[in-house]
Amino acid sequence: MTTAHVGQLRLTDLRTRERATGAVLPTATRMWAALAALGFGLVTLGIGAGHLDHHLPVGIALTVAGALGIGWAVLALRGTLPRPRPATLTLVVLAPAVLLSAPLTGTALTAAEASALALGLGAAVLTALHLRCGVEQSAPPAGRLALALFVGAMLIAAVIVPGLAATTAGEHAVPHGSHGLPTEEHHH
């Protein structure tokens with residue numbers, strides 16, 4: 001056997017092993033796209049809820065966009081990406097549209113709108129990347145899949161948390177360190 005022939009065998013063995021164990025990338029991109037869409041939905045719902053009192057049409061539009069993002073994300077986490085090409089186009093349109101809520105309502109742009117933009121466009125890019133990765137043939141090894149999910153969740157959370165904190169609901173949240181049991185004061 002020549003060295004080139006041995007190299008071909010190794011490459012063939014790696015491809016066979018990858019098919020047998022399942023590639024992580026198609027599954028990981030699907031999960032990351034779903035997590036980003038979930039974050040987009042949550043932040044957009046938060047922004048929309050803040051506009052329901054004084055800017056009803058904008059609040060309703062953002063609430064519907066957020067609900068669509070969450071619904072699509074839940075379906076994507078359950079299995080295959082539902083209608084990935086229309087979803088990608090929708091996210092590419094909705095994510096920047098969230099930025100319009102500020103001028104339409106006369107408010108300043110906040111980290112919430114920036115977060116929604118980043119998460120929406122991130123979900124669109126990850127969905128497109130998933131389409132390029134090919135079909136998920138078999139489940140990847142549990143350890144690799146758990147690591148991919150953990151990394152994706154941490155990255156997405158790093159964008160979601162400041163976005164949610166910048167919404168009206170986040171502004172009214174209990175400050176850190178003040179959680180606990182209420183104290184009773186006795187007056188005699």
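How are α6 and α7 oriented to each other, roughly parallel or roughly antiparallel? The structure is a predicted model, in which local features need pLDDT of at least 70 and side-chain atom pairs count only at pLDDT 80 or more, while totals for chains, interfaces and linings use all residues. Residues are numbered from 1 along each chain as its sequence is written, and side-chain values use heavy atoms, with hydrogens and water left out.

**View 1. The crossing of α6 and α7.** The axes of helix α6 (residues 111-133) and helix α7 (residues 142-165) come within 8 Å and cross at roughly 150°, and α6 and α7 are therefore roughly antiparallel to each other (a term for angles over 145 degrees, whereas those under 35 count as roughly parallel). The crossing of α6 past α7 is left-handed.

**View 2. Residues between α6 and α7.** From α6, the residues A111, A112, S115, A118 and L119 meet I156, V159, I160, P162 and G163 of α7, where contact means heavy atoms within 4.5 Å. Sorted by class, the residues of this contact are 8 nonpolar, 2 polar and no charged.

**View 3. The packing of α2 on α7.** Helix α2 (residues 24-51) packs with α7 at an angle of about 20°, and their axes lie 9 Å apart, which makes α2 roughly parallel to α7. Their crossing is right-handed.

**View 4. Residues between α2 and α7.** Among the residues that make this contact are W32, L35 and G39 of α2 and R144, G152 and I156 of α7. The contact of α2 with α7 holds 15 nonpolar, 4 polar and 1 charged residues.

Notes:
Axes fitted to C-alpha atoms, helices over the stretch in contact; angles between N-to-C directions. Helix = DSSP H or I, 4+ residues; strand = E, 2+ residues; numbered from the N terminus. Parallel < 35°, antiparallel > 145°, perpendicular 65-115°, else oblique. Left-handed = near helix turned anticlockwise from the far one by under 90°. Nonpolar A, V, L, I, M, F, W, Y, C, P; charged D, E, K, R; others polar.
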